[in-house]
Amino acid sequence: MPRLASLWLPDLATDRIRRTQRRAARPDPAAPRADMQVLAARGGHWRPGARWAREAQPRDFVLRRAEGALVTAHKVGNQSLLVAACPAARALGLAPGMPLAKARILVSGLDVRDADPAGDAAWLQRLGLFAARRWTPRAALSGPDGLWLDLGGVAHLFGGERAMCARILAFLKRLGFTARIAVAGTAGAAHALARFGDAPLLLCPSGGEADALAPMPLAALRLEEEALGRASRLGLERIGELLAMPRAPLQRRFGRELLTRLDQALGRAAEPFDPIVPEEPPSVLLRFMEPIASAAAIAEAVAEAVRRLVPKLAEAGLGVRCLGLACVRVDNEVQEVRVGLARATRDGAHLEKLLCAKIETIDPGFGIERLRLVAARVEPLAPQPIPGEMAGEAPAPDLAALVDRLAVRLGTRRVHRLTALESDLPERSVASVGPLATTANWPPWPRPVRLLSPPEPIEQVMAELPDAAPLRFRWRGRSYRVAAADGPERLYGEWWRHEAEREAVRDYFQVEAEGGARFWLFRKGDGEDPATGDLSWHLHGLFG
């Protein structure tokens, strides 16, 4: 029996705007920080996280969770009408179709955005492609705010229908979208239960569509407004009332549409299902009359595959960022090779060199009978101007080819750049990015050349509380006596990330031991309040 799920996103437009706002509110690592402006105001003498700096800054960094009413509107003639309203706006009496002027009168401080149906449709299409690749091979659009999902034959892979639907709802919740889902034996019944049911997740047993639809309003059958108006004038409000009436009078009064929708919901009539078909990546398949096993033969086959793949990429206006090479041996074992590129390209000679450098990792066994080359990741690649004297620009060296060759030989994880992140805690203030990505510079604060991850505990520390530097300590079985020290530099925990860091405090010290070794130490806690830390000492970095 077929099992169809209707996934409905009632607040798609407003949820998408909220998600865009949250992503835009994330701090930009390259942007100047507010605390750096305070540093300039104090003449450069400031420790990040110092108490006076926290008190000097306006406390506008507190996370605001109270969100106002958000609506989208578009202009129809000389009047602006609401297209979508978030749950908070609907709770205040606003609804789609209401004039914007009336909505502003009813709700002061209303957040109004321009409707973007094209953007909503594009996002829903992306979700449909994701569903077709990850959840079920048969997924289709269901109006401007929903999807059909055919769960037949795939629900058991996710632990059953309920577990699969719960997983889909949790996934959308993480993305910031409100969703409802219902499963039934027909598309019409699933559509009605998702939009007019009493729970976000509903499962209708096969054959129970009539009982499930009986108490629902006629609007659940996806009827036109004119038919709903005629039914209302006759006193018909529920689907169960239609089921008890003879069909001939219903057809004479309402036409064929009402009976068609009713039959589709009950499984008496078929309903078209137009699935979303994910676009296949550009690929080339070579079959050999005789198995090949030598490195020279494999290199020639790879070169031929690249020569056939490049025209396909050029015709589609794409450049490849990741290539996958699969060699099928005569014993059906597959030898796979993947090559990543720092920048999209369709330079055949460059791609051939990268793939040929990986031939030594292929075990041909008794021979390879099939070879498949797939552009696993592609990006649009438009013509680009070539800098030079005729263009009035000095040509800059292109490092993409060099980076690709190093990544092939050393591994992609070993070729990267470091960039600064917005964080006071040292272990969170650095991240690795692609070798050609734009990086942010670190603020001019004294930091060690080498950070230990994680910080290593030190023992036998002698220091005067609350904020004196240590006089001696023991690390990795060796004792050190401090000759000079500077600090403390106080850092506070990032309470917006973890609740456990709400009261956390670290006091950092730069110390120089007898003999010239320089260390970066910190103590957990401020030395006065036990809630700020356990007063344990750790070594976090080495200078020089």
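Me: Which residues make up the covered face of strand E17 (residues 472-475), and which the uncovered one?

Reply: This is a predicted model, in which local features need pLDDT of at least 70 and side-chain atom pairs count only at pLDDT 80 or more, while totals for chains, interfaces and linings use all residues. Residues are numbered from 1 along each chain as its sequence is written, and side-chain values use heavy atoms, with hydrogens and water left out. In a regular strand the side chains alternate between the two faces of the sheet. In E17, a strand being a DSSP run of E with at least two residues, numbered from the N terminus, the covered face holds Phe-473 and Trp-475, and the uncovered one Arg-472 and Arg-474.

Me: Which residue of E18 stands opposite Arg-474?

Reply: Strands count as paired if DSSP finds at least two bridges between them; E17 is joined to strand E16 (residues 459-462) by two antiparallel bridges, and there Glu-459 is the residue opposite Arg-474. Towards strand E18 (residues 478-492), E17 pairs in the antiparallel sense over four bridges. The two form a hairpin with two residues between them, and Arg-476 in the turn has a positive phi of about 55 degrees. In E18, the residue opposite Arg-474 is Ser-479.

Me: Is Leu-325 buried or exposed?

Reply: Leu-325 lies in strand E10 (residues 318-329). Contact meaning heavy atoms within 4.5 Å, and leaving aside neighbours within four places in sequence, Leu-325 touches residues including Val-302, Val-337, Leu-355, Ile-362 and Leu-373. Buried stands for under 20% relative accessible area, exposed for over 50% and partly exposed for in between (1.4 Å probe, protein chains only). With a relative accessible area of 3%, Leu-325 is buried.

Me: How many disulfides does the structure hold?

Reply: A disulfide is a covalent bond between the sulfur atoms of two cysteines, and here it is taken as a pair of cysteine sulfur atoms within 2.5 Å. Cys-204 is buried at 4% relative accessible area, whereas Cys-356 is partly exposed at 27%. The number of disulfides in the structure is zero.

Me: By what angle are neighbouring strands of the E3-E2-E4 sheet turned against each other on average?

Reply: The three strands form an open sheet in that order, with mixed pairing. Because strand E3 (79-85) and strand E4 (111-114) each have a single partner strand, they stand at the edges, and one side of each is left without a neighbour in the sheet. With axes as lines fitted to C-alpha atoms, and angles running from 0 to 180 degrees between N-to-C directions, the average turn between neighbouring strands, direction ignored, is 40 degrees.
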